[in-house]
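User: I'm new to reading protein structures. Could you walk me through a few features of this one?

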Amino acid sequence: MDTIQQRLLAEVADLHNVPEGAYNIRSNGQLADRNTTANINITSKTDKSGIDIYVKDGTTKESIHIPVIISDSGLSEVVYNDFFIGSNCDVVIIAGCGISNCGTQDSQHDGVHRFYVGKNSRVKYVEKHYGEGDGKGKRIMNPKTEVYMEAGSYMEMEMVQIKGVDSTNRRNLARLDAGATLIVRERLLTHGEQTAESSYDVELNGENSSADVVSRSVAKENSHQIFYSKLVGNAACNGHTECDAIIMDDAKIQAIPGLTANHIDASLIHEAAIGKIAGEQIIKLMTLGLTEKEAEDRIVNGFLK
């Protein structure tokens, strides 16, 4: 790989060398490298672009890296990845997409990830999106995740987009059986003329299922963000969704919640807060020797951690 591709891998997957464990690295629309283990098998789909990942029952302390990098201007692709997680597993999945576009044509990656999480399994999923390049072509990413959780399973999702993506439509849905737990932490930053739409559609179908979906975002300059959250309680369950956003310059942010309780013991909560950086916060940091811009950057970086 050239230096641009190596830098993209470092940004989206923290990879500086060949990772341990199972991995599938996709570069400019093609398979670049792959490794499987005794417990984790990765196979290419035969009917469309993408892979199937199979994790055996009882697999613990293993990781799966599946980054995608694009450095060719004008490349557009749709990839379908399905994860079949057995029962009683404990695994970490590192995904993400990086686009470097220095050309005049738009580059686009649409990824559909479906997770089938077996009984009593634990999954941590990290997805990072990153864009760079000084060309006129746009960097477009439209990720979609579908999560189907069996009884007693647990999934933690870290969804991050902090730089360089011109347009994104981030669609997420989840269906939880009895005792399943879903934790989502989204961090999102837009600037310039960038647009970002993020939606979460969660059905709590089983008794004692729970979901906690929290989005933190910053919109700068002329960018525009929309956050949709929909929780449906079909059983005795607990659901919480929160949008916490900082708005700057001439940006626009919308937060659109939706709560539906179809069971008397469904407990659902939505919180939303959108506001500017408090002037006293900036002044306090400036008294410590920071410029106004440095103070703003410090506050934003801390907010998005």
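Analyst: Sure, let's go through the cavities, a sheet and a helix pair. Keep in mind that this is a predicted model.

User: Okay, how many cavities of 30 Å³ or more does a search of the whole structure find?

Analyst: Here's the general idea: rolling a probe the size of a water molecule over the atoms shows where empty space is left. In this structure the search turns up three cavities of 30 Å³ or more. The largest has a volume of about 90 Å³.

User: Which residues lie nearest the centre of the largest cavity?

Analyst: Those are H109, G111, H113, E127 and H129, out of 14 lining residues. Strands 8, 9, 10 and 11 each supply at least two residues of that lining. By class, the lining has six nonpolar, six polar and two charged residues.

User: Now the sheet. In what order do the nine strands of the open sheet run?

Analyst: Read it as 3-4-7-9-11-13-15-17-19, with mixed pairing. Strand 3 (40–44) and strand 19 (252–261) are at the edges with a single partner strand each, so one side of each has no neighbour in the sheet. From one strand to the next, the twist averages 10 degrees. As a sample pair, strand 11 and strand 13 run in the parallel sense over eight bridges, and E146 has L173 in strand 13 as its bridge partner.

User: And at what angle do the axes of helix 2 and helix 3 cross?

Analyst: Roughly 115 degrees, with the axes coming within 9 Å. The crossing is right-handed. Residues that meet there include I282 and L285 from helix 2, and A295 and I299 from helix 3. The contact residues divide into five nonpolar, one polar and three charged.

Conventions:
Residues are numbered from 1 along each chain as its sequence is written. This is a predicted model: local features need pLDDT of at least 70, side-chain atom pairs count only at pLDDT 80 or more; totals for chains, interfaces and linings use all residues. Side-chain values use heavy atoms; hydrogens and water are left out. On a 1 Å grid over the protein atoms alone, a cavity is a set of points where a 1.4 Å probe fits but cannot get out, and a pocket is an open set with protein on both sides within 12 Å along at least five of seven lines; lining residues have an atom within 4 Å of a point. Grid points are joined across faces, edges and corners, and a volume is the space filled by probe spheres set on the points. Helices (H or I, at least four residues) and strands (E, at least two) are DSSP runs, numbered from the N terminus. Ala, Val, Leu, Ile, Met, Phe, Trp, Tyr, Cys and Pro count as nonpolar, Asp, Glu, Lys and Arg as charged, and the others, Gly among them, as polar. Axes are lines fitted to C-alpha atoms, for helices over the stretch in contact, and angles run from 0 to 180 degrees between N-to-C directions. A crossing is left-handed if the near helix is turned anticlockwise from the far one by less than a right angle, and right-handed if clockwise. Contact means heavy atoms within 4.5 Å. Two strands pair if DSSP finds at least two bridges between them.
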